[in-house]
Amino acid sequence: MGAEKLLAGQVLAFPTETVYGLGALLSAPVAIKEIYLLKKRPADNPLIVHIASPAQLDDLLTVKPSALERALMQAFWPGALTLILAGANEIAQRASASLPKLAVRMPAHKIARELLEAVGQPIAAPSANLSGRPSATSAEHVLQDFPVGLGAILTGSSGDFGLESTVIECSAENTIRILRPGSIVASDLAVFGPIEEIWLSGGSTSRPLSPGTKYKHYAPRGRVILFLDFAEFKAASRGDRECKSALLHHSSFPEPERSWSLQKKVSSSAEYAKELYGFLRSCDDLGVELIFCEKPQGDELGFAILERLSKAARLGD
């Protein structure tokens with residue numbers, strides 16, 4: 001059913017190993033425009049193109065991937081790595097917001113791969129959520145944001161990693177530039193060359209080269225408050241005790257601290273990443289006004305989670 005909907009020029013949602021995607025065939029420009037309209041996505045924010053095999057790059061790029069880029073594809077595809085590749089042709093620029101570089105990944109999820117193989121061509125697919133909202137990791141999340149307008153929502157487990165893909169670009173000097181962190185972390189990539197973590201410098205004021213690098217993202221309706229430890233939590237939570245509140249944490253907290261509408265404890269950065277977006281969406285369902293989130297543990301995946309939380313908390317606005 002999913003392939004038929006795409007081939008008919010419709011937009012559908014499908015699960016991946018990261019988050020749900022909102023897909024249209026790259027060969028269907030009207031459907032790609034519909035993605036932007038449905039998501040209320042800024043027109044200069046490029047989409048990620050999903051492919052079934054590296055051979056499909058021949059129909060998208062006028063420049064052959066470098067030896068380093070091919071090595072990274074071999075190591076991490078299929079999987080949660082997006083590469084920014086030079087030489088986007090006229091068709092590819094439908095998804096690149098007319099930029100000369102294209103964001104591409106080859107998903108590992110069984111349903112996503114079956115869909116790509118059934119249509120036999122690339123699918124442009126950003127995350128299946130309204131722009132600025134927490135990403136969707138279930139079909140129910142997709143339906144919350146898009147009760148009408150989609151040709152289909154393919155159901156299946158999604159969000160094995162919980163966070164969107166790691167996005168990288170390889171420089172002419174063979175430096176790997178991380179534009180957006182994810183479950184594939186710097187130490188995974190460092191065996192292939194020097195690493196530059198561009199995302200640490202914050203959002204760009206120019207046109208974004210990659211999804212997730214300029215505009216605010218992942219934000220629930222309630223206010224997200226980040227804290228480092230219990231002392232910082234005490235200071236941050238001193239007021240507004242009449243507000244509906246929620247707590248996401250990994251440390252132990254004395255009870256009762258306040259009356260929580262929702263409270264969740266995670267045991268690791270991997271669990272934190274997998275549960276984050278569902279927790280933020282549950283806060284919206286419950287009308288939570290204040291969402292206290294303990295900063296993740298200081299490992300590499302924790303830093304990727306903190307990048308999402310900082311945008312959810314609208315830091316830097």
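Start by selecting Lys-64: it is exposed, with a relative accessible area of 64%. Here exposed means over 50% relative accessible area, buried under 20%, and partly exposed in between, with a 1.4 Å probe and protein chains only. Areas come from the Shrake-Rupley method, and for residues only the protein chains shown count as cover. Now add Asp-58 to the selection: Lys-64 forms a salt bridge with Asp-58, and the closest N and O atoms are 3.3 Å apart. A salt bridge needs a side-chain nitrogen of Lys or Arg within 4 Å of a carboxyl oxygen of Asp or Glu.

A word on ground rules before moving on. This is a predicted model, in which local features need pLDDT of at least 70 and side-chain atom pairs count only at pLDDT 80 or more, while totals for chains, interfaces and linings use all residues. Residues are numbered from 1 along each chain as its sequence is written, and side-chain values use heavy atoms, with hydrogens and water left out.

**More salt bridges**

How many salt bridges does the count come to? The count comes to 14. Pick Lys-110 and Glu-114 next, whose side chains meet in a salt bridge at 2.6 Å, N to O. Both sit in helix α4 (residues 110-119), four residues apart, or about one turn of the helix. Helices (H or I, at least four residues) and strands (E, at least two) are DSSP runs, numbered from the N terminus. Lys-110 is exposed at 58% relative accessible area, and Glu-114 is partly exposed at 41%.

Then jump to Lys-311 and Glu-307, where the side chains meet in a salt bridge of 3.0 Å, N to O. These two are four residues apart in helix α9 (residues 300-312), so about one helical turn separates them. Are Lys-311 and Glu-307 buried or exposed? Lys-311 is buried, with a relative accessible area of 13%, and Glu-307 counts as buried at 9%. For a bigger selection, take Arg-133, Asp-145, Arg-221, Arg-281 and Asp-284: salt bridges that share partners join them into one network.

**Aromatic pairs**

Switch to the rings. A search of the whole structure finds seven aromatic pairs. Rings of Phe, Tyr and Trp (its six-membered ring) pair if their centres lie within 6.5 Å; planes under 30 degrees apart count as stacked, over 60 as edge-to-face and the rest as tilted. Show Tyr-218 and Tyr-277, a stacked pair at 5.7 Å centre to centre, with 25 degrees between the planes. Tyr-218 lies in the loop between β10 and β11 (223-227) and Tyr-277 in helix α8 (residues 269-285), so the pair ties together parts that are 59 residues apart in sequence. Tyr-218 is buried at 3% relative accessible area, and Tyr-277 counts as buried at 1%.

Next up are Phe-233 and Phe-292: their ring centres are 5.5 Å apart and their planes stand at 80 degrees, so this pair is edge-to-face. Because Phe-233 lies in helix α7 (residues 230-236) and Phe-292 in strand β14 (residues 290-294), this pair also ties together parts 59 residues apart in sequence. Phe-233 counts as buried at 0% relative accessibility, and Phe-292 is buried with a relative accessible area of 0%. Expand the selection to Phe-227, Phe-230, Phe-233, Trp-260 and Phe-292, a cluster linked by ring pairs.

While you have strand β14 on screen, click Leu-290, which lies in that strand and counts as buried at 7% relative accessibility.

**Backbone stops**

Go to Trp-77 and Pro-78: a cis peptide bond joins them, with omega about -5 degrees. Pro-78 lies in the loop between α3 (67-76) and β4 (81-86).

Which phi does Lys-40 have? The value is positive, about 60 degrees, although Lys-40 is not a glycine. Lys-40 lies in the loop between α2 (29-39) and β3 (48-50) and counts as exposed at 64% relative accessibility. Asn-174 is not a glycine but has a positive phi of about 65 degrees. You will find Asn-174 in the loop between β8 (166-170) and β9 (176-180), partly exposed at 39% relative accessible area.

**Last stop: a charged patch**

Finish on the surface with Asp-188, Glu-197, Asp-299 and Glu-300, which gather in a patch of negative charge. Patches are made of residues with over 30% relative accessible area and no salt bridge, with like charges joined within 9 Å. Asp and Glu count as negative, and the place of a charge is CG of Asp or CD of Glu. Glu-197 itself lies in strand β10 (residues 195-197) and counts as partly exposed at 33% relative accessibility.

How values were computed:
Patches are made of residues with over 30% relative accessible area and no salt bridge: like charges are joined within 9 Å, nonpolar side chains (Val, Leu, Ile, Met, Phe, Trp, Tyr) within 5 Å. Accessible areas come from the Shrake-Rupley method with a 1.4 Å probe; for residues, only the protein chains shown count as cover.
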